[in-house]
Amino acid sequence: MAAINDLLILSVFEEMVKSKPSLAKYLPSKEENEEVDYRILADMVIKNFPWPIGVELRRLFSGSMRQPDKLRLDQIFKTIERTIQFLSFVMLVQVWYDVVKKKVSIPDSIKSEFVNRFTTLTMGNFCWLIRAFATLYTEQKAEWFLAEINEKFDKKFFADLDFWVPERNEIGHYQINLEEEDIEKRCVEYEEKLRLILIRIAFLANYRLL
C-alpha cells in the first residue's frame with residue numbers, strides 16, 4: 001500500500017515533466033529497476049510550483065502531517081485555498097493589463113458581480129473569478145500569457161474547484177464536528193481532489209514567479 005502523499009507526489013511530478021522535460025532526470029530508471037525516491041520528487045514538486053503553492057505543499061508533505069487527522073485535513077484546505085487564490089491573482093493581473101491595452105472588454109454584468117462579491121475574500125468568490133475570466137477570454141478569443149489556461153481550465157476543472165466551496169464552508173469554518181473515522185475518510189478523499197487540481201496546473205513548473 002502506498003504511503004500517504006506518494007500518489008499525489010508521483011502523479012503531479014510526472015505531469016510536471018511533460019511541461020518541463022529537464023525534470024525527468026529525477027525519475028527512476030525503469031531499465032535498472034530503480035525505486036522511486038519520493039523525498040526527491042516531493043522536493044522538486046515544491047520547488048517547481050510557485051512559492052505560494054509550494055510553501056503549503058511543503059507543510060503538507062512534512063513529517064507532522066503524516067497522519068490522516070484534523071491537522072492534515074486543515075492543511076489540505078490551506079493548500080487548495082492558496083492555490084485558488086494564486087490562480088485568481090495571476091489571471092486578474094493579466095486581465096487588468098489587457099483591459100488597459102484594450103485587448104479585452106469586461107461586460108457590465110461581470111463588473112457588477114465583481115464589486116458585489118469582493119467585499120469578502122472567500123473561496124467561492126475566487127472560484128467564480130477563475131471561471132468568469134476563463135470563460136470571458138474564450139468568448140473574446142483572447143490569449144492568456146499562460147497559454148495552457150486555454151486548454152486546462154475547462155468545465156471539469158471548474159467543477160473540481162467548485163467541490164471545495166461547500167466543503168470549506170462546512171468543515172473549514174467548524175460548522176460541523178467530524179468523528180475521527182470521518183476525518184480519516186475525508187483526508188483520503190480530499191487529497192485525491194487536490195491531486196487532480198495540481199495535475200491540471202502542473203504546467204506552472206515551466207514558469208518563474210517574479
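These are my notebook entries on pockets, helix packing and a few single residues in a predicted model.

**Entry 1, the largest pocket.** I started with empty space. Rolling a probe the size of a water molecule over the atoms shows where such space is left. I looked up the largest pocket and found about 410 Å³ of space in it. Its lining is made up of 18 residues. Those nearest the pocket centre are V90, F145, L146, R208 and L209. I then asked which element gives the largest share of this lining. It is helix α4, residues 70-100, with seven residues. I sorted the lining by class and noted 14 nonpolar residues, three charged and one polar.

**Entry 2, the cavity.** I next looked for enclosed space and got a count of one cavity of 30 Å³ or more. The largest cavity holds about 40 Å³. Around it I listed F86, L87, V90, L146, I149, F153, F203 and L204. Helix α4 again supplies the largest share, here three residues. How many of the lining residues are nonpolar, polar or charged? The lining has eight nonpolar residues, no polar ones and no charged ones. I marked V90 and L146 for a second look, as both are in the cavity lining and both are among the residues nearest the centre of the largest pocket.

**Entry 3, α1 against α10.** Two packed helices are described by the angle between their axes and the distance between the axes. I looked up both for helix α1 (residues 6-19) and helix α10 (residues 180-200). The axes come within 9 Å and cross at roughly 10°. An angle under 35 degrees counts as roughly parallel, so α1 and α10 are roughly parallel to each other. I then wrote down who meets whom. From α1 the residues are L7, L8, S11, V12 and E15. From α10 they are E191, E192, L194, R195, L198 and I199. By class this contact has six nonpolar, four charged and one polar residue. On the spacing of such residues I noted that an α-helix has 3.6 residues a turn, so residues three or four places apart point the same way.

**Entry 4, R200.** I stayed with α10, where R200 is placed. Is R200 buried or exposed? Its relative accessibility is 18%. Buried means under 20%, so R200 counts as buried. Leaving out residues up to four places away in sequence, I found that R200 touches K152, D154, K156 and F157.

**Entry 5, α3.** I checked how far helix α3 (51-61) is covered. Eight of its 11 residues are buried, so I put α3 down as mostly covered. The buried ones are P52, I53, G54, V55, E56, L57, L60 and F61. What covers them includes α1, α2 (38-48), α4 and α10.

**Entry 6, two loop residues.** I ended with Q67 and E35. Q67 is in the loop between α3 and α4. Exposed means over 50% relative accessible area, so Q67 counts as exposed at 52%. I looked up the separation of Q67 from P21, 46 residues apart along the chain, and got 33 Å between their C-alpha atoms. E35 is in the loop between α1 and α2. At 73% relative accessibility, E35 also counts as exposed. The C-alpha atoms of E35 and C127 are separated by 38 Å, with their positions 92 residues apart along the chain taken as the distance apart.

How values were computed:
Residues are numbered from 1 along each chain as its sequence is written. This is a predicted model: local features need pLDDT of at least 70, side-chain atom pairs count only at pLDDT 80 or more; totals for chains, interfaces and linings use all residues. Side-chain values use heavy atoms; hydrogens and water are left out. On a 1 Å grid over the protein atoms alone, a cavity is a set of points where a 1.4 Å probe fits but cannot get out, and a pocket is an open set with protein on both sides within 12 Å along at least five of seven lines; lining residues have an atom within 4 Å of a point. Grid points are joined across faces, edges and corners, and a volume is the space filled by probe spheres set on the points. Ala, Val, Leu, Ile, Met, Phe, Trp, Tyr, Cys and Pro count as nonpolar, Asp, Glu, Lys and Arg as charged, and the others, Gly among them, as polar. Axes are lines fitted to C-alpha atoms, for helices over the stretch in contact, and angles run from 0 to 180 degrees between N-to-C directions. Angles under 35 degrees count as roughly parallel, over 145 as roughly antiparallel, 65 to 115 as roughly perpendicular and the rest as oblique. Contact means heavy atoms within 4.5 Å. Buried means under 20% relative accessible area, exposed over 50%, partly exposed in between (1.4 Å probe, protein chains only).
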